[in-house]
Amino acid sequence: MIARVLRAPGVIAESAIGYAALGAVFYWWLGFAETGGLALLLSVATVALLASGAVVLTRRARQRLASGERAGAMGGVISVLVLLAALAIAYWLVWWVPEFTGFTAQAASMAIRWGAGYLLVVLAWLNLLAATSEGKPLESQPSTASLP
């Protein structure tokens, strides 16, 4: 399953960028003050956008990762364990503070640790999606004829 994810770098990049964009919208929404009816309506629309964006990204990744082979039950269990380990490692990376003296070194360390944790979680999530995919391609070509 991991091999199927690593053979699709476009899926990795698309998912990472998509979830980063959803995270930015979520961060903006956390600071949004609902002071009136229109602001509350905008807030509800933002939550709907976040939910539909997550569903679209997940569905698109599942469709692109689907292949003819089906993962067994053990593959799904292993994928869940990999996802839990990735979340734990990312959490540890975010809260770990190495002892650097300069601001630039501290900022670079933070960016590298957060980026590595983020990509680790995205890869583990895509691995779980690959393990639970239905095994059907998005489109088939029933009218394709072989040429000599």
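Okay, let's start in the middle of this one, with the largest nonpolar core: it has 11 residues, namely Val5, Ala8, Val11, Ile12, Ala16, Ala61, Leu65, Val122, Leu126, Leu129 and Ala130. H2, H3 and H5 each put in at least two of the core residues, and H5 is the top contributor, with four. The general background here is that nonpolar side chains tend to be buried together in soluble globular proteins. And before I go on, please keep in mind that this is a predicted model.

Now the overall layout. The chain has five helices and zero strands, so to speak an α-α-α-α-α run when you read from the N terminus. Of the 148 residues in the chain, 27% are buried.

Let's look at H2 and H3. H2 covers residues 9-30 and H3 covers residues 37-65, and their axes come within 10 Å and cross at roughly 170°. With that angle being over 145 degrees, H2 counts as roughly antiparallel to H3. If you sort the residues in that contact by class, you get 15 nonpolar, seven polar and three charged.

What about salt bridges, how many does the structure hold? Just one. Glutamate 14 pairs with arginine 60, and the closest N and O atoms are 2.7 Å apart. Glutamate 14 sits in helix H2 and arginine 60 in helix H3, so this pair ties together parts that are 46 residues apart in sequence. Is glutamate 14 buried or partly exposed? Partly exposed, with a relative accessible area of 26%. Arginine 60 is partly exposed too, at 41%.

Staying with H3 for a moment: its buried residues are Ala39, Ser43, Thr46, Leu50, Gly53, Leu57, Thr58, Ala61 and Leu65. Remember that an α-helix has 3.6 residues a turn, so residues three or four places apart point the same way. Two from that buried list, Ala61 and Leu65, are also in the core I opened with. As for length, H3 has 29 residues and reaches 42 Å from first C-alpha to last, close to the 42 Å expected at 1.5 Å a residue.

Last stop, H5, residues 103-131. The 29 residues of H5 should span 42 Å at 1.5 Å a residue, and the end C-alpha atoms are 42 Å apart, which agrees. The buried residues in H5 include Ser109, Arg113 and Gly117, and further along there is a buried run of Leu126, Asn127, Leu128, Leu129, Ala130 and Ala131. Val122 and Ala124 are buried as well. Of these, Val122, Leu126, Leu129 and Ala130 belong to the largest nonpolar core, which brings us back to where we began.

Terms used:
Residues numbered from 1 in each chain as written. Predicted model: local features only at pLDDT ≥ 70, side-chain atom pairs only at ≥ 80, totals over all residues. Heavy atoms only, no water. Axes fitted to C-alpha atoms, helices over the stretch in contact; angles between N-to-C directions. Parallel < 35°, antiparallel > 145°, perpendicular 65-115°, else oblique. Nonpolar A, V, L, I, M, F, W, Y, C, P; charged D, E, K, R; others polar. Expected span 1.5 Å × (residues − 1). Buried < 20%, exposed > 50% of the residue type's maximum accessible area, 1.4 Å probe, protein only. Salt bridge = Lys/Arg side-chain N within 4 Å of Asp/Glu carboxyl O. Core = buried A, V, L, I, M, F, W, Y, C linked by side-chain atoms within 4.5 Å.
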